Amino acid sequence: MNGMNHSVVSEFVFMGLTNSREIQLLLFVFSLLFYFASMMGNLVIVFTVTMDAHLHSPMYFLLGNLSIIDMAFCSITAPKMICDIFKKHKAISFWGCITQIFFSHALGGTEMVLLIAMAFDRYMAICKPLHYLTIMSPRMCLYFLATSSIIGLIHSLVQLVFVVDLPFCGPNIFDSFYCDLPRLLRLACTNTQELEFMVTVNSGLISVGSFVLLVISYIFILFTVWKHSSGGLAKALSTLSAHVTVVILFFGPLMFFYTWPSPTSHLDKYLAIFDAFITPFLNPVIYTFRNKDMKVAMRRLCSRLVHFTKIL
Ligand SMILES: *[C@@H]1O[C@H](CO)[C@@H](O)[C@H](O)[C@H]1NC(C)=O
């Protein structure tokens, strides 16, 4: 039986977050600001890392790539949500919905694995400084990037393969502002219990698994730093606390979303704002305002730009 034959739903409708005009206006202003700020902040990081030769090291290559993923990630749902805020009928086509889910899982999975690569990079730099440059070669960086994209892609595809064939024949209302897998499954008009379980296991496993791995590696690094505490301690701690902050902010809402037993609560809708707008915005804030090398590089870049415009 081909599921697409008795699909009568050609579009889904978002309920959005609120019907109050005032709150809509507030949401509009804030999401626009945060979206713009994340795009600009991450662009500045990519630009600085690419242009400044002092930052041509594995840690900054990974950071630059993280920024690219962040820009893509917040562009999956944010622009559509911002455009939709004041509309009465917030619709998305079936394939639009599938596309949103595909990219958010693919990029989200990639970002998780990339965060592990960044933790590994810090582990090598701090715990095995003599071998750092031989192990974290440019080839290794590329290898990490390729692996994380492949894992993200597989994680996303494995779930969607089953979803595109489901029959959707009745309700098409999303109590949300973007398409997510648990809500989409509940709209299908067959029993999706097994699929829901598969999604929980797949997404839950990748998020909780990466989180545990990251926490363990950071505890390991902190332990090593503490044992050999010397001049580099303060610097190592400040870098590490930035990483740990990003990890907690990124994984907190996600793990709640995929592992919480009652997915019908409204809390997850608001937590989703966090991952859609605030995390991509915080990465540049945390990495640039707290990182001395990055600040110095940006200042250098600025004065070079000013110099350049003077010549013109
Ligand atoms: C992403 O990683 C690759 C491989 O290490 C590197 O060559 C590239 O410059 C990075 N991109 C950015 C924007 O940092």
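Confidence in this predicted model is lowest in helix α8 (residues 233-259), where the mean pLDDT is 75, and highest in helix α5 (residues 138-163), where it is 93. Residues 1-6 have a pLDDT below 50, and this stretch makes 12 contacts in the model beyond near neighbours in sequence. For the protein as a whole, the mean pLDDT is 84, and 93% of the residues reach 70 or more.

**Salt bridges**

The model contains 5 salt bridges. Three of them, with the closest N to O distance for each pair, are listed here.

| Basic residue | Acidic residue | N to O distance |
|---|---|---|
| Arginine 300 | Aspartate 52 | 3.1 Å |
| Lysine 87 | Aspartate 84 | 3.4 Å |
| Arginine 122 | Aspartate 121 | 2.8 Å |

The bridge between arginine 300 and aspartate 52 has its N and O atoms 3.1 Å apart at the closest. Arginine 300 belongs to helix α10 (residues 292-311), while aspartate 52 sits in the loop between α1 and α2 (58-84), so this pair ties together parts of the chain that are 248 residues apart in sequence. Aspartate 52 is buried, at 1% relative accessible area. Arginine 300, at 29%, is partly exposed.

The bridge between aspartate 84 and lysine 87 also joins a buried residue to a partly exposed one: aspartate 84 has a relative accessible area of 4%, and lysine 87 has 42%. These two residues belong to a network of salt bridges that links Lys80, Asp84 and Lys87.

In the pair formed by arginine 122 and aspartate 121, both partners fall under the 20% limit for a buried residue. Arginine 122 has a relative accessible area of 11% and is therefore buried, and aspartate 121, at 1%, is buried as well.

**Serine 31**

Serine 31 is part of helix α1, which covers residues 21-51. With a relative accessible area of 5%, serine 31 is buried. A polar atom of the serine 31 side chain lies 2.4 Å from the backbone oxygen of leucine 27. Leaving aside residues up to four places away in sequence, serine 31 touches Met81, Ile82, Ile85 and Phe277.

**Burial of the residues described**

The buried residues discussed above include serine 31 at 5%, aspartate 52 at 1% and aspartate 84 at 4%. Lysine 87 at 42% and arginine 300 at 29% are among the partly exposed ones.

Conventions
Residues numbered from 1 in each chain as written. Predicted model: local features only at pLDDT ≥ 70, side-chain atom pairs only at ≥ 80, totals over all residues. Heavy atoms only, no water. Helix = DSSP H or I, 4+ residues; strand = E, 2+ residues; numbered from the N terminus. Buried < 20%, exposed > 50% of the residue type's maximum accessible area, 1.4 Å probe, protein only. Polar contact = N/O pair within 3.5 Å; in protein donor to acceptor, adjacent residues only side chain to side chain. Contact = heavy atoms within 4.5 Å. pLDDT = per-residue confidence, 0-100. Salt bridge = Lys/Arg side-chain N within 4 Å of Asp/Glu carboxyl O.
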